[in-house]
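Reader: I am in my first year and still learning how to read a model, so I would be grateful for a close look at a single part of this one.

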Amino acid sequence: MNDNVMRGRRLDGGSRAPKTYSTERLCASTGCDTKLSRYNRREFCFAHAPVKYPRLRGRIVSTEA
Ligand SMILES: [Zn+2]
C-alpha cells in the first residue's frame, strides 16, 4: 500500500514568520498620530477608518479645509 499521495508537505511553515504587528503603529492617515492596537489590523484609527459613508444623494463632500 502506498499512501503517500497526501504526504510530502509538512504544515509547519518554516520560512514564513507569523504576521505580527509592532506595538507602535500609528494611523496611516497623514498627520494623525493615533496609536493603533497591535491587535487592530486596520491601517487607520477609528476616526480615519475607510468607513462607508452614508449616502449623500450624489453630492460630493469636499474634505479640504
Ligand atoms: Zn487617524
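Reader: Before we come to that part, how many helices and strands does the secondary structure of the protein have? After that, please take me through the segment after β2.

Author: It is best to keep in mind from the outset that this model is predicted. Its secondary structure comes to two strands and zero helices, and of the 65 residues in the protein, 2% count as buried. The segment you ask about comes after β2, which covers 35-36, and R38 has its place there. Because a residue counts as exposed when 12 or fewer other C-beta atoms lie within 10 Å of its own, R38, with 12 C-beta neighbours inside that distance, is exposed. Along the chain R38 and E24 are 14 residues apart, while in space their C-alpha atoms are separated by 7.5 Å. A47 also belongs to the segment after β2, and A47 is exposed because 10 other C-beta atoms lie within 10 Å. For A47, the partner to look at is C27, which is 20 residues away along the chain, with 9.3 Å between the two C-alpha atoms. In the picture, then, you can look for R38 beside the label of E24, and afterwards for A47 and C27.

Key:
Residues numbered from 1 in each chain as written. Predicted model: local features only at pLDDT ≥ 70, side-chain atom pairs only at ≥ 80, totals over all residues. Helix = DSSP H or I, 4+ residues; strand = E, 2+ residues; numbered from the N terminus. Buried ≥ 20, exposed ≤ 12 C-beta atoms within 10 Å, placed from the backbone.
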